[in-house]
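Here are some exercises to work through with the model open in your viewer. Try each task before you read its solution.

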Amino acid sequence: MTDEPPMTVSSARVSDHRMAMAWARLDERARDILARRTAGQTLEVIGMAHGVSRERVRQILRDTEGALATLADACWPGWRDHVISQAAGAVVIAAEDLVGIPTAGDTEIKRALLRHVGLYPATTWAGRIENLWSVSSTNLDRALRSLAAQAPFLSDELGEQAAALGIPVSVPVERIAEHPSSPLTRDSRGHWVRRRAEQRDAAYLWLTQEGEPRGATHLAVAIQATSVRAIEEGMRRDERFRKLQPEGLWALAEWNVPHTSGHGNALDAMIEVLRETAPLTRDELFARTAQRYPVTRSRLLQCLLSDQIGLVDDGRLDLVENGATPVEESEPRRPPTMVIDAAGRVLGVRLTVDKDLLRGSGVIVHPWLTWRLGLRLAPTSRSFRLRGTNDILTVRRSTSAAQISALRALVQSKGVTMGCQLALLLRLDDGEADLRHACDPHTCQARVKRAPSSAGGTQR
């Protein structure tokens, strides 16, 4: 039975009224026991609260839920089969999405009826997940563990992958994945990786985005690996990677990259092809470049943003030195960490203090920033004078990334710690930059630590 049982508006009101009256007639102890059980308390804990044995608690639950279910049978015949049919094909289902239960809108009545027909609150490594039910309490946990086994994922892919496994949007997947007991964690760039293979998964995602072989030192810096030697040893044992000789570069096994290459990178290979045979259509250029330096299509697209490659009148590609017009990309989607004022004069970038910021290496940022600054080609850059100092901050674009130059000195002057939030303001009209501490003053650990010493002089 899958269709909602028929019921008129008037009969539904009568049924809801009868259920409400039945709930009101329950003694206070029975209602409290039902509420405690819904909250996840054990029979033993509930029994201690009421001074009865766990078996007596079980009997009270069975009798009370049974009485409510019997009344529901009279109010709405067939509701049991209807509810079970809704839950049977789902990993979990939200309580509010279940229809066909005469409950007078009371959550406790609905939960009691769901337990009585054999549905269970969903449990995961993060504990019970309120208002989610299934025919097995472990359904959601199994689905989430299957999801974790398919990692790594980019930061915005977790929900999409969860949906592919039948996990409904009502499940707070990210909150569960961030629990300390989760097999998933976020890497230094915010992507989802397996906790037991954190650095190797981070390396896999980074190489995938780079689209071409990279050296271990460069890779270790990008993913904030604890040591170059450790990440190399990990990749050597992981069948997803292979090391190219004699260059010593690391590649993904799926790339089918030859063991030797006469080019330093994909852009060099593309430029060589154009010098030999130009102009070419994009597909022709990509095919010939990939024969010499096999990389992903996304990396080849990045190469087209070089200031050395452009379009000729018929739409084919050639070198700028031969008279081609450089190619500009369309505006990428603006990330939530970046804003611009209505007048278009001030750009804001939210940064999190991490190892890259504290050690002074360049900070990788979303390419929307460089696009909005007019840095449509690569390589190119724009500099800003840091307000109140003689220091210069540089925003730079290459063919594969956008980067803000070292901010270590300025970050350290703010007295911040790991995890603090910073707001970088770039003023486009006067070329000045300002970096501000953006944490909530009541919860920021850096400010809390300074508070006693700053307040000491005023206390008596």
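**Exercise 1: a closed space**

Which element gives the largest share of the lining of the second largest cavity, and how many residues does that share hold?

Solution. Keep in mind that this is a predicted model.

Step 1: Get the setting. The structure holds 3 cavities of 30 Å³ or more, and the second largest cavity has about 40 Å³ of space.

Step 2: Collect the lining. The residues to select are T38, R111, R115, P121, R128, I129, E130, N131 and W133.

Step 3: Sort them by element. Helix 6 and strand 3 each give at least two residues to this lining. The largest share comes from strand 3, with 5 residues.

Step 4: Sort by class. The lining of the second largest cavity splits into 3 nonpolar, 2 polar and 4 charged residues.

**Exercise 2: an open space**

Describe the second largest pocket by volume, lining and chemical class.

Solution.

Step 1: Start with the volume, which is about 280 Å³ for the second largest pocket.

Step 2: Look at the lining. It is made of 16 residues, with R37, R115, L119, Y120 and P121 lying nearest the centre of the pocket.

Step 3: Assign elements. Those that supply two or more residues are helix 2 (28-38), helix 4 (54-75), helix 6 (107-116), strand 2 (120-124) and strand 3 (127-134). Strand 2 gives the largest share, 3 residues.

Step 4: Count the classes. The lining of the second largest pocket has 5 nonpolar, 7 polar and 4 charged residues.

Step 5: Cross-check with Exercise 1. R115 and P121 are among the residues nearest the centre of this pocket, and R115 and P121 also line the second largest cavity.

**Exercise 3: two sides of a helix**

Which residues of helix 14 are buried, and which exposed residues sit on the face turned away from them?

Solution.

Step 1: Helix 14 covers residues 282-292, and L285, F286 and T289 are buried there.

Step 2: Check the geometry. These three span an arc of only 95° around the axis, so they fall on the same side of helix 14. Here's the background: an α-helix has 3.6 residues a turn, so residues three or four places apart point the same way.

Step 3: Flip to the other face. D283 and Q291 are the exposed residues on the face turned away from the buried side.

Step 4: Find the packing partners. The buried residues of helix 14 pack against helix 13 (266-276), helix 15 (297-303) and strand 9 (317-319).

**Exercise 4: charged pairs**

Take three salt bridges, D32 with R36, R186 with E178 and R385 with E432, and work out the distance and the exposure of each partner.

Solution. A quick reminder: side chains of opposite charge can pair when their charged atoms come close. A search of the whole structure turns up 20 salt bridges.

Step 1: For D32 and R36, the closest N and O atoms are 2.7 Å apart. Both residues belong to helix 2 and are 4 residues apart, about one turn of the helix. D32 is partly exposed at 27% relative accessibility, and R36 is partly exposed at 26%.

Step 2: For R186 and E178, the N to O distance is 3.5 Å. R186 has a relative accessible area of 29%, so it counts as partly exposed. E178 has 48%, so it is also partly exposed.

Step 3: For R385 and E432, the closest N and O atoms are 2.2 Å apart. R385 sits in strand 14 (residues 380-386) and E432 in strand 18 (residues 432-437), so this pair ties together parts 47 residues apart in sequence. R385 is partly exposed at 37%, whereas E432 is buried at 12% relative accessibility.

Step 4: Look for a network. R194, R200, D201, D238 and R240 are joined into one by salt bridges that share partners.

**Exercise 5: T217 and the whole chain**

Where does T217 lie, and is it buried or exposed?

Solution.

Step 1: T217 is part of helix 11 (residues 216-223). Its relative accessibility is 53%, so T217 is exposed.

Step 2: Compare sequence and space. T217 and V228 are 11 residues apart in sequence, with a C-alpha to C-alpha distance of 5.9 Å.

Step 3: Zoom out. The chain has 19 helices and 18 strands, and 43% of its 460 residues are buried. Of the contacts between residues at least 6 apart in sequence, 54% join residues at least 24 apart.

Terms used:
Residues are numbered from 1 along each chain as its sequence is written. This is a predicted model: local features need pLDDT of at least 70, side-chain atom pairs count only at pLDDT 80 or more; totals for chains, interfaces and linings use all residues. Side-chain values use heavy atoms; hydrogens and water are left out. On a 1 Å grid over the protein atoms alone, a cavity is a set of points where a 1.4 Å probe fits but cannot get out, and a pocket is an open set with protein on both sides within 12 Å along at least five of seven lines; lining residues have an atom within 4 Å of a point. Grid points are joined across faces, edges and corners, and a volume is the space filled by probe spheres set on the points. Ala, Val, Leu, Ile, Met, Phe, Trp, Tyr, Cys and Pro count as nonpolar, Asp, Glu, Lys and Arg as charged, and the others, Gly among them, as polar. Buried means under 20% relative accessible area, exposed over 50%, partly exposed in between (1.4 Å probe, protein chains only). The arc is that of the directions from the helix axis to the C-beta atoms. Contact means heavy atoms within 4.5 Å. A salt bridge is a side-chain nitrogen of Lys or Arg within 4 Å of a carboxyl oxygen of Asp or Glu.
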